[in-house]
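Reader: I am in my first year and still learning how to read a model like this one. Could you take me slowly through a single part of it, beginning with an enclosed space and then moving on to whatever surrounds that space?

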Amino acid sequence: MRNLWKNKGYSAINILGLAIGLATCLLILIYVMDELSYDKFYKKADRIYRVDADINFGGTHWILAVAPDPLAATLKKDFPQVEEAARFRDYGGIRIKKGNENLQENKVIFVDSTLFNVFSLSFIAGDPKTALTDPLSVVITEKMAKKYFNTTDAVGKTLVVNDTSNRKVTAVIKNIPSQSHFNFDFFLPLRSEESRSGNWLSNNFNTYIVLKEGADPKKLESQFDAVINKYLAPQALQVFHATMEEFKKTGGHVYYSLMPLTQIHLHSSKTAELGANGSMQYVYIFSAIATFILLIACVNFMNLSTARSSNRAKEVGVRKVLGSSKQNLINQFLTESVLISFIALILAIGIAELLLPYFNQVSGKQIDIGLFSRPWLLPALLLLVLIVGVLAGSYPSFYLSSFQPVTVLKGKIAGGFKRSWLRSSLVVFQFAISIILIVGTVVIYSQLNFIRNRKLGFDREHILVIQNCYPLGKQAKTFRNELFNIRGVEGATMSGFLPTSDYRSDSPLFPDATLDQKSAVAMQTWYVDENYIPTLKMQMLKGRNFSADMPTDSSAIILNEAAAKLLPFDDPLNKTLYYLTNINSRATKTYHVIGVVKNFNFNSLREQVSPMGLFYTEERGKIAVRFKSADVFSLISAVENKWKSIAPNQPFSYSFMDEDFNNIYRAEQRIGKIAISFSILAILIACLGLFGLVTYAAEQRTKEIGIRKVLGASVANIVNMLSKDFMKLVFIAMLIAFPLGWYFMNKWLQDFAYRISIDWKIFLIAGLTAILIAILTVSAQAVKAALANPANNLRTE
């Protein structure tokens, strides 16, 4: 403690560097443990699996988190190892009456009555066995019970849903923990007429099964081909006149697989997930960053301890003369190191608490430090302190304890800051990690900027999206038309199928009436009006748009480029396509192609644009309004007044299309913010160490600097002398960091179908940033040493 107090500056650098490293480690540790804990609170979590589908058909490859509606019942019936099964179906939100108003609720799901036999949700009131047996029942969370009834004692009470049905509350459950891959507030029974259709060719149900104790999931998976051949293949043969073997010969396939419940959050990003999942890739990235930042802090400790070895050389010599063994000295220095780490830990907990609100905001979580609420955390931190203390103190302790007393007491070890390949290597390591983080940050922000500025095939700017227009009923079209009377409105289109929404529908279309599966084109089938293409400023490549003046357009279709390329026509205009309307009778409806629209991105830029057909049909999901008014608030107020004049008690909600688009990349935006935060922390710790080293180098060379100044050296000469060795190390770090940074970030970019190329400008920015920071750090202390009066340094000579 006396030694720490005597050298306050170096002690502060060591403790602050370790504290920042430990605080970063603590925050990321809690984040990672939170990510790894998803769905583990369910009692049968280790036996619950989701059945996923992998389908390649008609030129489109689907990787789905949903399965056919009969699959759950079939697995339970045909396989004794399946204990229970339950399905989810997302039909969108509902409106619930509260007083004279209707409130929109979107955290709604339709489920099988067996749901609570699979997922052990905690009941406040009601019977899990019978809660969902009544087709007009509803199970709600305690949050919703308090919202609508001001009490959790809500069983037996009624909710008016969508103005048409009275649903009796049959159970109240505790709010679902945030560590669940699904999080709904309303559970309604599945509609029997839709959930028991027996259609194996449509995949709409998130299907979960519970295996009996000791059952082998791999064995069950190996029998899925038999299920496909027994149930799906006959329907495919009936509809497409093709066997599964013929289907596979044309490149098609259908596979089912089991996804363990506890892996869904971090290992699944399939179509039709029940919620936004995390990514194991980011867990690895954050864990690596935390480890490297902590190592940078440890490197500071090792460098400063060995650089200042001459200050403690005589202490070591005297102790050895008085009988201390090498082991005693090693123990002493290791104990000092562990004590410094412990002091740093106390400071780190305070820093972590200060940074926690910002970290939660950036990561999108609501976590707390919870030292005492998490029994494992305090022992883990103490173990981490011990490891850090031993790791950081090991080299200095062995180095210092190896001094020979005769040599040091004669003063022959005068320069603690001698050239050291290990110390130089550690500085290179610090700055290489920092530069890799800078490269990563620049690449992430460049990719996000590329996404924001890419031409998507539609114009998302100045578009107001009015959500959930179903309550307007038959007056929805009237409302859309009246919007044109509002000043500043340039266009309005009515459709739930918008490029920035998750509203999707797909079906195969055929170029001839034989419905031959070899020529099928599986495509998105979107229902739009005549204003859709001009309002979103899409570009027609061939043909024409829909017209309200042409009744025949009810059987017209506009294709995108991707769909047109897959069809066996040189020019698809005026060609006829066949749409399957009933799989049992093979009934079809014909559509004639009237146009081809330029491809537009309606999925994430991680995916290529897939085939699509636009159909001229009224769809009231949303209304998109293009405006040019500078006074957006007045425009919204005018739109809301129009809404209330038609549907006074219905909820009015809106968003902006550009914001909806940005929300698709919320994860990448968070990663960018976290990356820049960690880059700053890593550079700060590295610069603390560099500052300490150059300060000590200047102290060790005080008299040399004085003599050089007396002999005519300028301030610039002195600064250059003190800085050049450190700057060489930064340049070496750049040579190591650039190829590694390119490799890791190029791998990250492979997740995007549309991406930037990593060019030399990115490395120039990262390199100049590192050099500038290093120069500022080194020069500040070097200039101070160079400006010192040589008379003060040489007066004792």
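**A cavity and the elements around it**

Author: The second largest cavity holds about 40 Å³ of space, and it belongs to a model that is predicted. Counting cavities of 30 Å³ or more gives two. As background, rolling a probe the size of a water molecule over the atoms shows where empty space is left.

To find the second largest cavity in the view in front of you, look for the residues that line it, which are L448, I451, R452, F661, N662, Y665 and Q669. Two elements give two or more residues to this lining, namely α16, which covers 421–453, and α21, which covers 657–664. The largest share comes from α16, with three residues. In character, the lining of the second largest cavity divides into four nonpolar residues, two polar ones and one charged one.

From here α21 can serve as a guide to the next part, a sheet. This open sheet has four strands in the order β15-β23-β14-β24, and their pairing is antiparallel. Its edge strands are β15 (489–494) and β24 (654–656), each of which pairs on one side only, while the twist from one strand to the next averages 20 degrees. In general, strands of a sheet pair through backbone hydrogen bonds, either parallel or antiparallel.

One pairing in this sheet deserves a slower look: β14, made of residues 463–466, runs antiparallel to β24 and is joined to it over three bridges. If you select L464, you will find that its bridge partner in β24 is F656. Helix α21, already met in the lining of the second largest cavity, packs on the sheet and touches both β14 and β24, and its direction makes about 75 degrees with that of β24. A further helix, α20 (residues 632–646), lies across β14, β15, β23 (623–627) and β24, and it runs at about 30 degrees to β14.

For another antiparallel pair, turn to β4 (residues 94–98) and β5 (residues 101–105), which are joined over five bridges. These two strands form a hairpin with two residues between them, and in the turn G99 has a positive phi of about 65 degrees. K98 has E101 of β5 as its bridge partner.

Finally, a pair of helices can be set beside these strands: α2 (residues 8–36) and α14 (residues 377–401) pack at an angle of about 140 degrees, with their axes 12 Å apart, and their crossing is right-handed. At this contact L18, L22, C25, L26, L29 and I30 of α2 meet L377, L381, L384 and V388 of α14. The residues of this contact comprise ten nonpolar, no polar and no charged, whereas the lining of the second largest cavity includes two polar residues and one charged residue.

How values were computed:
Residues numbered from 1 in each chain as written. Predicted model: local features only at pLDDT ≥ 70, side-chain atom pairs only at ≥ 80, totals over all residues. Heavy atoms only, no water. Axes fitted to C-alpha atoms, helices over the stretch in contact; angles between N-to-C directions. Left-handed = near helix turned anticlockwise from the far one by under 90°. Contact = heavy atoms within 4.5 Å. Nonpolar A, V, L, I, M, F, W, Y, C, P; charged D, E, K, R; others polar. Pairing = 2+ DSSP bridges. 1 Å grid on protein atoms, 1.4 Å probe; cavity = no way out; pocket = protein on both sides within 12 Å on 5 of 7 lines; lining within 4 Å. Points joined across faces, edges and corners; volume = space filled by probe spheres on them.
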